Amino acid sequence: MSAQTVQTILVTGAAGFLGSHLCDHLLADGHSIVGVDNLSTGSHANLAHLAGNPRFRFVEADICQPFDVGPVDYIFNFASPASPVDYTRLGIETLLVGSAGTINTLELAKKYGAGYLHASTSECYGDPEVHPQVETYWGNVNPIGPRSVYDEAKRFSEAAVVAYHRYHGVNTHLVRIFNTYGPRLQANDGRVISNLMIQALKGEPLTIYGDGSQTRSFCFASDLISGIVLLSRSEEHMPVNIGNPVEWTILECAKEILDLTGSTSKIIFKPLPQDDPTRRRPDITRARTLLGWEPKVKLREGLERSLSYFQACVNTPQAV
Ligand code: NAD
Ligand code: UDP
């Protein structure tokens, strides 16, 4: 994507958590956006503030079916169920959006000579045997486990993106996103930050799966989006990890949320889902070196900046 010229940009998954933040960022940079979404896990509420913006157009469509929104300069492909609860509920849809949906959007990029960035995931590393995870690690994924509908779809989509670059010369970029949170994280999609924040604010027990010793590294949405935009302007075609390298056990994260909210909720332990990755932390040397990118927002600050959003979700019963 060009940093200098104003462009027409297609964002798939625009009504989702990250897609809507990306639209905001690109609109603020002066670009025109076509947002496509089938609203399977996203919602109009995430885009309500863009109503009437002449540089934003929303198209309700399923990207698994061939579609065309007219000439575009750049495509950000963010459409896919993303939380373990959503992608196991929508297993076949997840396989299709990662395969047919990715090919359909790559075909559009080829047709219009557009640049292309695909939202891949740390989940490509599966339950990693290499720690922290570097982009050169091929991963440890169970191809037939409950998470495989997501992991293998994303691994296929990476292969497709690299192939369109290799065979058709499309200017592609691949970001491997590590756990990201912030306002607009769907309140009911089961991800750990939304679950624990909402439980704490409602005074309900905080649910920890397993003993809480598994780790994740949490990136605030604005940090992630700035890294992704830098990547889209780069010459790098191979995957780049974007995430916050500070690693937390889930138990530590729950205690941080109790402390921040002042909640007196108890912590309760539930069974660990099958194939739940034990450890996850990005090695961000590539992003630092190639993009000069570094996350700025610590978990405590990011949770504080998300508090009013989660409070509003608690006050809107249909959201939780
Ligand atoms: P989200 O569920 O909030 O957003 C995904 C959006 O895609 C939703 O609006 C949904 O309606 C839309 N969508 C799904 N299938 C579609 C289809 N067939 N056609 C059109 N639209 C469709 O999730 P998110 O957290 O914003 O994730 C966005 C992208 O980033 C996903 O591709 C996800 O895999 C990736 N990602 C996110 C994280 C994270 O921590 N948030 C981590 C790794 C990767
Ligand atoms: N988790 C948890 N309690 C919850 C939701 C999730 O302990 O209410 C755990 C989950 O088992 C995993 C981690 O938190 O180990 C992150 O889960 P999430 O669904 O947010 O994303 P993942 O990284 O697994 O895709």
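Of the 320 residues in the protein chain, 48% are buried, meaning that 20 or more other C-beta atoms lie within 10 Å of the residue's own, whereas 12 or fewer would make it exposed and anything in between partly exposed, with C-beta atoms placed from the backbone. This is a predicted model, where local features need pLDDT of at least 70, side-chain atom pairs count only at pLDDT 80 or more, and totals for chains, interfaces and linings use all residues. Residues are numbered from 1 along each chain as its sequence is written, while chains are lettered from A and ligands numbered from 1 in the order in which they are written.

**Overall fold**

Let's start with the whole chain. Its radius of gyration is 19 Å, which agrees with the value near 20 Å for a compact globule of 320 residues; the radius is taken over C-alpha atoms, and the globule rule is 2.2 Å times the number of residues to the power 0.38. Along the principal axes, the C-alpha atoms fill a box of roughly 55 × 45 × 40 Å. The chain holds nine helices and 13 strands, taken as DSSP runs numbered from the N terminus (helices H or I, at least four residues; strands E, at least two).

**The first strands**

Now for the N-terminal part. Strand β1 (residues 8-12) runs parallel to β2 (residues 32-37) through five bridges, and two strands count as paired if DSSP finds at least two bridges between them. Within this pair, L10 has V34 of β2 as its bridge partner. V34 also stands opposite R57 in β3, and β2 and β3 (residues 56-60) are parallel, joined by five bridges. Together with helix α1 (residues 17-28), β1 and β2 form a right-handed β-α-β unit: with the strands pointing away from the viewer, the path from the first strand over the helix to the second runs clockwise.

**Two ligand shells**

Helix α1 reappears around ligand 1, where it gives the largest share of the shell, three residues. For ligand 2, β8 gives the most, also with three residues. A residue is near a molecule if its C-beta atom, placed from the backbone, lies within 6 Å of it.

| Ligand | Residues around it | Nearest residues |
|---|---|---|
| Ligand 1 | 30 residues | G13, G16, L18, G42 and A82 |
| Ligand 2 | 15 residues | R191, V192, N195, T207 and Y209 |

The shell around ligand 1 has 14 nonpolar, 14 polar and two charged residues, and that around ligand 2 has six nonpolar, six polar and three charged. Here Ala, Val, Leu, Ile, Met, Phe, Trp, Tyr, Cys and Pro count as nonpolar, Asp, Glu, Lys and Arg as charged, and the others, Gly among them, as polar.
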